[in-house]
Amino acid sequence: MTPSTGATAHASTTARWKSEWFGNVRADVLAGIVVALALIPEAIGFSIIAGVDPRVGLYASVAIAMVIAFTGGRPGMISAATAAVAVVVVPLVRDHGVEYLFAATILMGIFQGIAALLKLNLLMQFVSRSVITGFVNALAILIFMAQLPQLDPTNEGVNWITYAMVAGGLAMIYLVPRLTTAIPSPLVAIVVLTCLSLWLGSPVNTVSDMGELPQGLPFFMLPDVPLTWETLAIIAPYSLTMAAVGLLESLLTAQIVDDMTHTGSDKQRECGGQGIANIVAALFGGMGGCAMIGQSVINVTSGGRGRLSTFTAGLALLIMLVLLGGIVGQVPMPALVAIMIMVSIGTFSWNSIPNLRVHPWQSSMVMFVTVAVVVFTHNLAIGVLVGVLLSGIFFVQKVMHMFEVTRTKEGDTATYTAHGEIFFGSVARFEAALGPESLQPDPADHVIIDVSRAHFWDISAIGALDKVVERMRMHGRSVQVVGLNEASADLVDRHGATDRTGVEIGLAPHP
């Protein structure tokens, strides 16, 4: 690299760094404050799910958000403690205690760092658009369902005032932007409804009713667990599952934010950044986490685009907990419910409904199944996995039918011409189409198998070719295979049984 090239690269990196941090300061700061308020009840709720003290989830959200702002690959995306990770560790906390949770979270981060080094983010290429749409729609449904307890009239603190405040909050969220976009409308809704609730003394649920807010700053500590193989055997299965679920949700959320902002992101860096953030969170008394699509949508819709918005969310949350805990605890839950309903509405892919009439039925089925599995299991990873597997099955079926063999005869030579892809899913049709020449109405003594318009993908395809050639030979025909492209010929050389059968294989360039 020449000095001028190095200077240009350095200048480009500096410009990108400044843009990601200081290209949208005012909107990023305000959006981060809104996100911080929305994180509090979520983090407390996730702590309850995991069976730990609320501060474990809150400290995790602070640490992960602040660290991922520096290490992550998707500016403007919010990462914190999440339900997807919390549900995984319930048995670990119940059977071994919170210290083992911290140790498992550190190992989770290490696994995610290894995943980044191995570039496992490339596996996202196998997640189809239908699966992503199903993931988004299912998450929108789950976000809305999570608000229902705060709207259930049989629950304490839920009354007509609750419904009025939720309606008022939604009205402000959608109407304020028509008047001004200087301040994010969700922040306006929180401030107005909090002041109104305190002024009227409204008997509604508040943030403090969700759980006790922590006092003081988090501090550095190592997990109090024995450093033995037995400890590793206990935490490793949980850590591996947490790492996989966290990366899956983070990469899917990154893709969604990419689409919302019409910008790209570094998925490999995101994997490594998630790992570092989780390690730091555990060392400061937090649980594991990952990207949060709900809070990310809040951030983007509130104007947040850069890393500063993510960092501000973590810093503002820390300030709120340490200095403003009493005030934050008085924020009425209906205000936050209104914001999360807005997130649910904004997250759902409404275009997917009319698209059902024009999209292939296989794509619609993948989306429906992904939504159903996620909503039924409340597990995003399982739903996405089922959707990917179903997409794979439909793809294999489609490719299987994009294959044909034609037979022509000239003199005493019959030529079989294969068109399409030959792999484990189409070998049966390949073998059937090239049945014994002796069974043809006009059998020939010499057979040419022309595969110049076909491609052999795996050892199943090579095995089928061997079988066809051997069968022809056993019925007294001479056989020549022509038209193998370079990749197919390489497979034949390495895995074929040509030498064993003694059949001539003729190579020809791919046209």
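Five helices each give at least two residues to the lining of the largest pocket: helix 2 (25-50), helix 4 (83-86), helix 7 (129-147), helix 12 (293-301) and helix 15 (333-347). Try finding these helices in the model above, which is a predicted one. The space they help to line has a volume of about 860 Å³. Which residues should you look for at its heart? Of the 34 residues that line the largest pocket, Glu42, Phe46, Ala83, Leu142 and Ala146 are the closest to its centre. You can also sort the lining by chemical character: 22 of its residues are nonpolar, nine are polar and three are charged.

Now let's move on to the second largest pocket, with a volume of about 550 Å³. Its lining is made up of 24 residues, and those closest to the centre are Leu120, Leu123, Ala244, Leu247 and Leu248. Three elements give two or more residues to this lining, namely helix 6 (98-117), helix 10 (229-261) and helix 17 (380-400). Which helix gives the most to the lining of the second largest pocket? That is helix 10, with seven residues. How do the residues of this lining divide into nonpolar, polar and charged? Here 22 are nonpolar and two are polar, while no charged residue takes part. Recall that the lining of the largest pocket does include three charged residues.

Pockets are one kind of empty space, and cavities are another. Rolling a probe the size of a water molecule over the atoms shows where empty space is left. A search of the whole structure turns up four cavities of 30 Å³ or more. The largest cavity holds about 50 Å³ of space. Around the largest cavity you will find Ile68, Ala69, Gly72, Arg74, Pro75, Gly76, Met77, Glu270, Arg307 and Thr310. Helix 3 (54-71) and helix 13 (307-322) each supply at least two residues of that lining. In character, the lining of the largest cavity divides into four nonpolar, three polar and three charged residues.

Finally, step back and look at the protein chain as a whole. How does the domain assignment divide the protein chain? It gives domain 1, covering 20-357, and domain 2, covering 402-495. Taken over C-alpha atoms, the centres of domain 1 and domain 2 are separated by 56 Å. With these domains in mind, you can go back to the model and trace each pocket and the largest cavity again for yourself.

Terms used. Residues numbered from 1 in each chain as written. Predicted model: local features only at pLDDT ≥ 70, side-chain atom pairs only at ≥ 80, totals over all residues. Heavy atoms only, no water. Domains from an automatic or database assignment. 1 Å grid on protein atoms, 1.4 Å probe; cavity = no way out; pocket = protein on both sides within 12 Å on 5 of 7 lines; lining within 4 Å. Points joined across faces, edges and corners; volume = space filled by probe spheres on them. Helix = DSSP H or I, 4+ residues; strand = E, 2+ residues; numbered from the N terminus. Nonpolar A, V, L, I, M, F, W, Y, C, P; charged D, E, K, R; others polar.
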